[in-house]
Amino acid sequence: MTTGRTRPAPRPPEGTPPPAELARQARAVLADAVRIARWAAADRDPGAGPLAPKARERAATALELTADQVSAGWDRARLAGLVELHGTTARPGWRLRAWDRDDSAVLRGWVALFDAWSLVHAAPDDVAPATVAEVVEAVPQVLSLLQLSAGPVPVPALLDLLQQRVAELRDERCEVPYDPRAASGPTAAPTASAPEPEPAPATAAVPLPPLLDWALEGLAAVGALTLGAGQATLTPLGNWAVWVKLEQICVAAQSPAGNIEQSADNMLRGCARLTPGPARAEYRAWLAARTVGSAVAELLAVARGEDALLRGLAFEALRVVGAPAEPEVRTASAEPSLRPYALLWLAEHDGTDPEDAPDVLTREESTWLWVDTAAAVADHGETALLVRHLDSAVQGTVPALLDEVRAVGHPRTVQVLVALAAAHPDPALAKAVRRAAFQVHTGGA
């Protein structure tokens with residue numbers, strides 16, 4: 001249920017540089033990563049994971065870097081989406097191709113690196129992974145304090161906040177010591193062989209000071225802050241990134257139909273009756289609450305399902321995602337059931353006028369899309385819409401359409417033709433459509 005109110009999006013921090021300047025700073029942070037990604041694209045044998053020793057040596061020689069610098073730059077290139085992993089092969093990412101001409105691509109790449117700061121700078125080996133995870137979850141509060149302070153913040157103040165946030169996270173999970181005696185019932189009594197359980201460690205016992213140092217060093221390594229004598233300060237990039245995250249939270253809070261927490265399947269079903277404008281607002285809110293990678297994967301998974309209406313809506317939502325979805329959509333274009341949708345998406349993404357985009361489809365692909373759209377109308381639309389859908393066929397005549405529909409092999413062909421025959425007011429045409437449905441069903445000519 002919605003009250004009709006929307007939360008105003010936060011304004012950029014005062015003194016935030018313009019996007020072009022922020023992009024210049026982001027390019028400087030990722031300069032070595034870009035060089036290595038471009039070298040890998042030309043070398044054609046960089047490997048998909050950590051660089052093999054021989055490849056690392058070749059890159060170090062070619063780029064006049066140390067082996068450690070090459071390894072670090074390669075990791076950053078992967079995290080920033082400058083290279084993409086396809087099985088055992090690494091390929092140039094869309095951000096690398098757009099690096100010199102698209103400031104938004106650069107900033108998206110840097111934000112991806114910023115989000116992965118805990119991977120860029122390895123956590124101490126002697127700390128439990130659960131404690132490390134708590135600190136990573138608490139860091140956004142630390143960043144918010146740094147932004148609100150609009151200047152240097154003493155490390156002790158950051159440590160106090162980190163300790164409070166970790167304690168809150170533990171309280172939210174209702175962590176209590178596990179007592180094995182509770183499992184044996186209320187009558188169980190302690191024995192000499194069953195000592196009293198150790199109390200859960202207090203928050204103060206957690207080694208938070210070194211973990212705060214680790215977090216600050218990791219954020220500094222990605223260019224989000226600078227470290228001084230006992231203090232930390234957000235860089236312009238870091239200040240802007242915190243604002244971007246706050247803006248995403250506000251956008252997510254403005255979902256008019258309340259679909260943010262739904263799965264992609266349920267979200268798209270909820271948008272099926274919306275007009276295009278409100279539907280796009282829902283898509284934006286839903287996307288803002290998720291990482292791009294997981295959202296694209298979830299939408300494509302829905303598109304692979306049997307519901308043709310959701311397939312079309314999934315690609316409408318992917319249009320809102322924009323350029324970051326391009327690699328996955330391009331891969332999906334190899335799948336017959338997704339190919340027409342993916343080719344239209346790619347054509348529009350490359351700047352083709354939406355009215356001209358259908359020209360990229362072959363006759364067979366256009367016919368397959370016509371049947372798939374008809375299936376969506378038959379399942380979810382009105383009878384009159386299915387009859388009017390005939391006018392959108394590229395064949396121009398019903399006999400030609402039926403000939404090509406029979407040959408295209410869409411799994412819903414019979415159901416679509418039966419529904420069309422039942423809906424069409426012309427008895428002669430309806431009879432021809434029923435005959436075609438019968439021939440497809442029986443495998444006849």
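Mentor: A residue is called exposed when its relative accessible area is over 50%, buried when that area is under 20%, and partly exposed in between. The model before us is predicted, and every value discussed below is computed from it.

Trainee: Why does alanine 150 count as exposed?

Mentor: Its relative accessibility is 72%. The cut-off is over 50%, and therefore alanine 150 counts as exposed. Alanine 150 sits in the loop between H8 and strand E3 (153-154).

Trainee: What is notable about the phi of alanine 150?

Mentor: The phi of alanine 150 is positive, near 50°, in a residue other than glycine. Most residues other than glycine have a negative phi. Glutamate 64 also has a positive phi, near 60°, and is likewise not a glycine. Glutamate 64 belongs to the loop between helix H3 (53-63) and helix H4 (67-79). With a relative accessibility of 74%, set against the cut-off of over 50%, glutamate 64 is therefore exposed.

Trainee: Is leucine 22 buried or exposed, and why?

Mentor: Leucine 22 has a relative accessibility of 1%; buried requires a value under 20%, so leucine 22 is buried. This residue lies in helix H1 (residues 19-29). Beyond its neighbours within four places in sequence, leucine 22 is in contact with Thr16, Pro17, Leu107, Pro236, Leu237 and Trp240. The C-alpha atoms of leucine 22 and glycine 238 are 10.0 Å apart, although 216 residues separate the two along the chain.

Trainee: Which class does serine 366 fall into, buried or exposed?

Mentor: Serine 366 has a relative accessible area of 16%. That value meets the criterion of under 20%, so serine 366 is buried. Serine 366 is part of helix H18, and it touches Pro358, Leu361 and Val394 when residues up to four places away in sequence are not counted. Over the protein chain, 41% of the 445 residues are buried.

Trainee: What makes H17 roughly perpendicular to H18?

Mentor: Helix H17 (residues 339-349) and helix H18 (residues 363-380) pack at about 110°, with axes 9 Å apart. The range for roughly perpendicular is 65 to 115 degrees, and therefore H17 is roughly perpendicular to H18. On the H17 side, the residues in the contact are Arg339, Pro340, Tyr341, Leu343 and Leu344, and these meet Glu365, Trp368, Leu369, Asp372 and Thr373 in H18. Sorted by class, this contact comprises six nonpolar, one polar and three charged residues.

Trainee: Why is the same term used of H12 and H15?

Mentor: The axes of helix H12 (residues 264-271) and helix H15 (residues 308-321) cross at roughly 95° and come within 10 Å. With 65 to 115 degrees as the range, H12 is therefore roughly perpendicular to H15. Here Asp265, Leu268 and Arg269 in H12 meet Leu310, Leu313, Ala314 and Ala317 in H15. By class, the contact of H12 with H15 has five nonpolar, no polar and two charged residues.

Trainee: What span is expected for H13, and what do its end C-alpha atoms show?

Mentor: Helix H13 (residues 276-288) has 13 residues, and at 1.5 Å a residue it should span 18 Å; the end C-alpha atoms lie 18 Å apart, so expectation and model agree. Its buried residues are Ala279, Glu282, Tyr283, Ala285, Trp286 and Leu287.

Trainee: How many residues does H10 have, and how far does it reach?

Mentor: Helix H10 (residues 208-221) has 14 residues and reaches 19 Å from first C-alpha to last, close to the expected 20 Å. Buried in H10 are Leu208, Leu211, Leu212, Trp214, Ala215, Leu216, Gly218 and Leu219. The elements packed against by the buried residues of H10 include helix H8 (129-149), helix H9 (155-172) and strand E4 (225-228). Just after H10, glycine 223 takes a positive phi of about 85°.

Trainee: Where is the pLDDT under 50, and why does that matter for reading the model?

Mentor: Residues 1-10 stay under 50, with 15 contacts beyond four places in sequence. Residues 176-204 are also below 50, and this stretch has 16 contacts beyond near neighbours in sequence. Where pLDDT is low, the predicted coordinates should not be read in detail. For the protein chain, the average pLDDT is 81, and 84% of the residues score at least 70.

Definitions and conventions
Residues are numbered from 1 along each chain as its sequence is written. This is a predicted model: local features need pLDDT of at least 70, side-chain atom pairs count only at pLDDT 80 or more; totals for chains, interfaces and linings use all residues. Side-chain values use heavy atoms; hydrogens and water are left out. Axes are lines fitted to C-alpha atoms, for helices over the stretch in contact, and angles run from 0 to 180 degrees between N-to-C directions. Helices (H or I, at least four residues) and strands (E, at least two) are DSSP runs, numbered from the N terminus. Angles under 35 degrees count as roughly parallel, over 145 as roughly antiparallel, 65 to 115 as roughly perpendicular and the rest as oblique. Contact means heavy atoms within 4.5 Å. Ala, Val, Leu, Ile, Met, Phe, Trp, Tyr, Cys and Pro count as nonpolar, Asp, Glu, Lys and Arg as charged, and the others, Gly among them, as polar. pLDDT is the predictor's confidence in each residue, from 0 to 100. The expected span of a helix is 1.5 Å times one less than its number of residues. Buried means under 20% relative accessible area, exposed over 50%, partly exposed in between (1.4 Å probe, protein chains only).
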